[in-house]
Amino acid sequence: MSAAVSADHTMFGDGLEKHNNNNNSNGDRESRNNNGTHAFETISESTTTSASSSSIFKSSMTTTASNVSRSSSYHLQHLKSAYGASEEMLETEKASLVERVNDLERIVLEQKDEIVCLKSTLADVLRRLSTIDNSYDNAKNTEGSSHSGSVMSSKSFRFSRNTITRLNSTVDEKRFGRVPSRVTSSPSRSMSTAKASSLAQKAIHHSNGSLHSDSMSSHSISPAPSPSPKQPNMQNLSASAAGIGGVGGVGMGGGMGKRWSSTGDFVSGSPGPAGSNTGNSMSRFSTKSLLNLNSSLSGNGPKQAGSHAYVQRRDDDDYLKLYISGRPIVLHIPEAQISSYETTKVQPAPNKRLRLDWVYGYRGKDCRSNLHQLPTGEMVYFVAAVVILYNMDEQSQRHYVGHTDDVKSLAVHPNKLLVATGQCGGHEGRDTLPHIRVWNSVSLATLNMIGLGDFTGAINCLSFSRADSGTILAAIDDSPDKIISIWDWQKKENGRRITETKCSVDTIVAVEFHPLDKGQIITIGKNHIAFWSLDQNGMLYKRMGVFENREKPKYVTAISFTPAGDVVTGDSNGNISIWPRGTNVISRFLKKVHEGSIFSICALRNGGFVSGGKDGRLVLMDDSMRLKSEQLVEAHFGAVRVVTQGKGSQLLIGTTKNCILSGDFTLGLVPIVMGHTDLLWSLSSHPQVAQFVTGGRDRLLQLWDSLSHSVVWSKDIGEPIQTVQFSNTGDTIIVGGVGGRWMVFDTVTRELLAVYQDGQDVIQTIKFSPDSNLLALGSKDCGIYIYQCTKVPHRFSKIGKCAGHSSFISHMDWSKDSTVLRSNSGDYELLYWNPTLCRQITTQSTVKNLEWATQSCTVSFETVGIWPENFDGTDINSVCKDGEEQFLVTADDTGKIRLFSYPASQPKSLSHAYRGHSSHVTAVKFMHDGVRLLSAGGLDTSVLQWRVV
């Protein structure tokens, strides 16, 4: 029931709702009808209100837009501010990151330098230990020690040598991924292959303190040279004929001994490339001459009195004829030798050798970047054909002498152990062509000869790559197109040329690899700075430097780098430019830092720089290139050519007058190497002490001390010097000039004591008589002027003039009793004179048995054997003998020194030949002790001091 009631109530509610809805609907209709009349009344009012609302809306919209604009501007400014802050943070972070990277690079480089120094020092220590072991071994052998002691010493030496070998191999293998080829001296090793033979001959250029190496091992210390055989036999001659190499060559069957050769039948050419036989080993001489020598020694066949090609003698004659340039020269045989003299006999070479002891001079006049400090404490530089490693603290020198002509360029490998040097071309065979040699500065072992036959001019510029640990080498030659070539110097025996291209038609003064960017190379020169890129395919791409509106120099003359990798250059106007890393435009320009050309810019370890130039000033700058200090080099030393950092804060300065200075900005500079700058023709040794005097076309007269290896004094006499001569007491020095003038200087005070005049031509040679009573001066006017000496050392009284020569006087000798003077002339005459009467002696019986106080004449009976068959009469410039008359030394136009036994009266006289000079050797003189020998190098301006060992 309740459910029904509930349903009824629901139905009732629904009906009531519908009724109400109907009532509401009726009400709405009535309301609309009643309001209709009011609608028309309010139309105008509504229109006015609508217009007002529209204006209000527009106003509100404008206000809203303005507010939105203000809000947008505010937000935009806020965003810009936030973006700027973000950019500033990024820049700060970037700068901080770059600074950290630069710090890391600097730390890595410093650590690399420390490792390099440690390796170099260790290698040098082992070399020194090996030298001590070798000296001890030689001393024990000399004293005739017991066999066990010798064995122990030999083992010690082998250990040190092998240690050096392992060290060098480890360094090369780790650094370059390879081990340089070596040759051991083990008798069990076969040397029959071409490669072994090549390396064996290459080993002749390896030396420790000596011009030649006798060792066949490229990493060992040179043992004492074995003496030459006193009587050559057929076996020795066969060995010589089978493999006549260069100067001091190593025979395949000769063990450790040097090859000895004859200037009569054999002329020792320099070793060919990689030791190969270039076909010039018997050049200048025919095999017929060798066969004649063999037959005469074997004793088979009759003796041929006139068998020698350029010396003839009949059986019964007391004279022989020496043919020079086709002209016969009659030389009388001393009576004691007439019966035993035979032209077919062979005079053996002396059983002693020459060892290069010291090199005086430096080439800074026309070369750059040729002075470096090595971690071993040695500075490395060059002059003539010798590269010198000089330890200033120990006053010692070592010499690399692999080159066959003038060394023109030098580069040090990033590991500071290896050195590359380039030479100019000579005229004596393939081995004298321009090429590069890479060698070890500790063992002096040649690692490779690069570009032999590939260069057409001297190697003027060299640089090892630095960002990839020195795997490649850049070189620029002096050909007309100045070719730049890139070499993988470790490949093959002659290097592998990666690429080459024309660099510039104008002068190029330097090439440098970028220290941080791999494959980036910079070259500078006349109207030239170029930034090169070497890609992975071996192609070179060049971008020229852009000076924009800045002053463009005629020459860019110096280059260096900042620690961050920016390029710093100096130019011929004295300006310094900074080129940011990776660009070819200038970011900073420092004007007139120097007056004139800047020749060198040295980057210091502390980030600063030192520049040096033509004005002779050294300018010290900090890492921001702000001037800190200056130093002036004295004018007589020349302009600054090279600046490099030595030990600690010391600087090494190479000058244009061939001097090397050492010092700093606080204590000043002192000379440590001095030399001549022009043709060096005259040389004389002091008769009593270890001094000698030199004079050159540079007008410098210099007195040297051969023990301290330094200049005692130097004097500019105002005119070129042709000849110099000490008096017999050594108190005065006679100097012959080019205009007939000759001067007398005090040896101690260098004061000019007197001046004399004889003719208007050059005074060629000067000689005092042994008794100090007479002075002879040979002139270019074909006359010899004779003077009487007085009690006053610088006063001379003229006796007369000896006239009879048809050419200029070249050499003179006094007899030991001072009664006779002999002379040579430019046309190879040999004449004898009575000096007190100034008359020629024509009776040979009165002079042929005389003994001579000196041996300066190149044409005489005592010098028959020094003349090879094809030599011109002017090819031998000077000869001398020692005081005990054991040795005769010659100096020739090929740059060689030859050591003969005295007298060299046999046409077939064997000799030891030595190379070091790169120009005509103009003079040789033994010093007063007879143990040391001096040689002057003409145009190479060097003086070499040798020791008889």
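Modeller: Accessible areas here come from the Shrake-Rupley method with a 1.4 Å probe; on that footing the protein, which is a predicted model, exposes about 41100 Å², and carbon and sulfur atoms supply 52% of this area.

Biologist: How do you know how confident the predictor was, and what does the pLDDT come to for the protein?

Modeller: The scale for each residue runs from 0 to 100, and on it the protein averages a pLDDT of 79, with 73% of the residues scoring at least 70. Over residues 1-27, however, the pLDDT is below 50, and beyond near neighbours in sequence this stretch has zero contacts in the model. Residues 145-307 also have a pLDDT below 50, but that stretch has 327 contacts beyond near neighbours in sequence.

Biologist: How is the protein made up in secondary structure, and what share of its residues is buried?

Modeller: There are six helices and 57 strands in the protein, and buried residues account for 54% of its 949 residues. Of the contacts between residues at least 6 apart in sequence, 51% join residues at least 24 apart.

Biologist: What makes strand 36 a partner of strand 35, and how do the two run?

Modeller: Pairing requires at least two bridges between two strands, and five bridges join strand 35 (residues 680-685) to strand 36, so the criterion is met, with the strands running antiparallel. Ser684 stands opposite Val693 in this pairing, and a hairpin through five residues connects strand 35 to strand 36.

Biologist: How do you know that strand 36 also pairs with strand 37?

Modeller: The threshold is again at least two bridges; five bridges join strand 36 to strand 37 (residues 700-705), in an antiparallel arrangement, and therefore these strands pair as well. Val693 has Leu703 as its bridge partner in strand 37. Three residues lie between the strands in this hairpin, where Arg699 takes a positive phi near 75°.

Biologist: What makes strand 36 count as mostly covered, and which residues lie on each of its faces?

Modeller: Six of the six residues in strand 36 (residues 691-696) are buried, each of them thus falling under 20% relative accessible area. In a regular strand the side chains alternate between the two faces of the sheet. For strand 36, Gln691, Val693 and Gly695 are on one side and Phe692, Thr694 and Gly696 on the other, and all of these are buried, which leaves both faces covered.

Biologist: Why is the pair of Tyr360 and Phe692 called edge-to-face?

Modeller: By the rule used, the count comes to 19 aromatic pairs. Tyr360 and Phe692 form one with ring centres 5.5 Å apart and 70° between the planes; centres within 6.5 Å qualify as a pair, and planes over 60 degrees apart count as edge-to-face, so both conditions are satisfied. Tyr360 belongs to strand 6 (residues 354-360) and Phe692 to strand 36, so this pair links parts of the chain 332 residues apart. Both Tyr360 and Phe692 are buried.

Biologist: Why, by contrast, is the pair of Phe768 and Phe796 called tilted?

Modeller: Their ring centres are 6.3 Å apart, and their planes stand at 45°, which is neither under 30 degrees, as stacked would need, nor over 60, as edge-to-face would need, so tilted is the class that remains. Phe768 is in strand 43 (residues 763-768) and Phe796 in strand 46 (residues 796-803), so the pair ties together parts 28 residues apart in sequence. Phe768 and Phe796 are both buried, and they belong to one aromatic cluster together with Trp742, Tyr756 and Tyr787.

Biologist: Why is Ser706 called buried, and which residues does Ser706 touch?

Modeller: Its relative accessible area is 1%, and since buried means under 20%, Ser706 qualifies. Ser706 lies in the loop between strand 37 and strand 38 (710-716), and, leaving out residues up to four places away in sequence, it touches Tyr360, Ala690, Gln691, Phe692, Met927, Arg932 and Gln945. From Ser706 to Gln691 the C-alpha distance is 5.6 Å, although 15 residues separate them in sequence.

Biologist: What makes Ser443 buried, and where is Ser443 found?

Modeller: Ser443 has a relative accessible area of 5%, which is under the 20% limit, and therefore it is buried. Ser443 is found in the loop between strand 13 (436-440) and strand 14 (446-450).

Biologist: Which residues does UniProt list for "repeat: WD"?

Modeller: An unreviewed UniProt entry lists residues 673-705, 802-834 and 914-949. In the model, residues 802-834 are 0% helix and 55% strand, with end C-alpha atoms 9 Å apart, while residues 914-949 are 0% helix and 47% strand, with end C-alpha atoms 14 Å apart.

How values were computed:
Residues numbered from 1 in each chain as written. Predicted model: local features only at pLDDT ≥ 70, side-chain atom pairs only at ≥ 80, totals over all residues. Heavy atoms only, no water. UniProt positions renumbered as here; feature names shortened; annotations may be inferred. Helix = DSSP H or I, 4+ residues; strand = E, 2+ residues; numbered from the N terminus. Buried < 20%, exposed > 50% of the residue type's maximum accessible area, 1.4 Å probe, protein only. Contact = heavy atoms within 4.5 Å. Phe/Tyr/Trp six-rings, centres within 6.5 Å; stacked < 30°, edge-to-face > 60°.
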